[in-house]
Amino acid sequence: MGLYYKIVKKPWPYWVGGILLALLNISLLLITGSVWGVTTGLLYWGLFIIESLGANPASWYYFNVYSPGFRGGYTLILNPHSVLNIAIIIGALLAVLWANQYKFKKIKNMKQIFFALAGGILMGYGSRLSFGCNIGAYFSAIPSFSLHGWVFGVFIFVGAYIGTRILYKYII
Amino acid sequence: MASSRIEELKRQKKMEVSKKRNQIPYAILLTIAVLIIYLIITKYQITFGNYWVIGILLGITIQRSRFCFVASVRDPIMVGSTSLLKAILLAFIISTIGFFIIQYNAIASNPDIRIQEIPGQFSPVGIHTAIGAVLFGIGMVMAGGCVSGTLTRLGEGYAINLVVLVGFIIGSILGTKHFSFWDKLLISNAEAIYIPEYLGLFPTLILQLALLCVLYYIAHWYDKKSNIMASTM
């Protein structure tokens, strides 16, 4: 019961999480040849939606310059990025269910929706400029010895500082 | 909102109240479903199975350790706590060593390797990287979650993170649509910079490890000095 309680019920210390995330990212690079990234998969979902609505994003400038280059058998929905993202959602659900801690949490108010939507849009737009989010352009880029990871790491603090000013002003 | 510690205590309290209903049968069902999906997608394409397993483990790890990149940059600013930042620096130290070994082997087996072929993540670096990171930093503090955190909390049952996800997808599409503007202005002049190309692979490894250790030490010192929520770890 002691070990079960420690692993399944009690939160793990942050440093355990850090070590495991690092080992998983190394394993991913070793086994699949690509590192952990989140944004590309979500961009593809968005492209799938607007393509279904009749747009033709394949003709956009972005895809002529930085072609994602689908290999055989991959689509906007069925690709490694998607599989990884869906697996993260399911993994988290699995963890809360085994801990008996799943609970659906409703949206509180319009203010929360506004901040969630605006925050999401800023993150999405920003991640296109920096070629990734705090995973692809930071967590995976710094250990790759790519300079853009360090630049991202410095300026995400600048953004977070501005963000906390906004929070102080409008929420707290 | 003032600190993740308070949020955590509130969450724990809520969970104690909702503990009555037994969720283990659902856990068993989902575990079986995860295994079946593994078998199906592995048959479709072997690499998908690898992504699936590692993704599941990433989700479990982020959820169980309450790992949060937002708190790692927000808490030092708001409450002076750096325990998450230190965990990320620790992760950087370990993954730097792991990535180094993988890159070393790749370069040793093919000395004429091009940057694009070196295992890892390389993107053009420049002012656009800084602008993107600032926008991202503002957005993740406003939304109260980064992208991986949003996925994890979606799994935990937070409805609000569906809104964050929709916003993120809208933002990505807008960013992609406007890309030609930024590319002509900034990005097309920028290049991906692989630091070992300038300093050598071994010196870069030593320098980066030293820098990460110094940052860890500073984060540790800063926490001791300015953490208003003593003993958060």
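Helices and strands are taken here as DSSP runs, with at least four residues for a helix (H or I) and at least two for a strand (E). The model is predicted.

**Annotated spans of chain B**

An unreviewed UniProt entry annotates residues 24-46, 84-107, 127-151, 158-179 and 199-219 of chain B as "transmembrane region". Two of these spans are described in the table below.

| Span | Distance between end C-alpha atoms | Helix | Strand |
|---|---|---|---|
| Residues 24-46 of chain B | 30 Å | 96% | 0% |
| Residues 127-151 of chain B | 29 Å | 88% | 0% |

**Packing of α5(B) and α11(B)**

Helix α5 (residues 83-109) of chain B and helix α11 (residues 201-226) of chain B have axes that come within 9 Å and cross at roughly 175°. Angles over 145 degrees count as roughly antiparallel, and α5(B) and α11(B) are therefore roughly antiparallel to each other. Residues of α5(B) in this contact include B:Leu89, B:Phe92, B:Ile93 and B:Phe100, while α11(B) contributes, among others, B:Leu205, B:Leu209, B:Leu212 and B:Tyr216. By class, the contact of α5(B) with α11(B) comprises 14 nonpolar, 5 polar and 2 charged residues.

**Contact between the chains**

Chain B supplies 114 residues to the contact with chain A, and chain A supplies 111 residues. On the side of chain B that touches chain A, 70 residues are nonpolar, 36 are polar and 8 are charged.

**Confidence in chain A**

Chain A has a mean pLDDT of 91, with 95% of its residues reaching 70 or more. Within chain A, confidence is lowest in helix α1 (residues 2-9), at a mean of 81, and highest in helix α2 (residues 14-32), at 97.

Note on methods
Residues are numbered from 1 along each chain as its sequence is written. Chains are lettered from A and ligands numbered from 1 in the order in which they are written. This is a predicted model: local features need pLDDT of at least 70, side-chain atom pairs count only at pLDDT 80 or more; totals for chains, interfaces and linings use all residues. Two residues are in contact if their C-beta atoms, placed from the backbone, lie within 7 Å. Ala, Val, Leu, Ile, Met, Phe, Trp, Tyr, Cys and Pro count as nonpolar, Asp, Glu, Lys and Arg as charged, and the others, Gly among them, as polar. UniProt positions are given in the numbering used here, feature names are shortened, and annotations may be inferred rather than shown by experiment. pLDDT is the predictor's confidence in each residue, from 0 to 100. Axes are lines fitted to C-alpha atoms, for helices over the stretch in contact, and angles run from 0 to 180 degrees between N-to-C directions. Angles under 35 degrees count as roughly parallel, over 145 as roughly antiparallel, 65 to 115 as roughly perpendicular and the rest as oblique.
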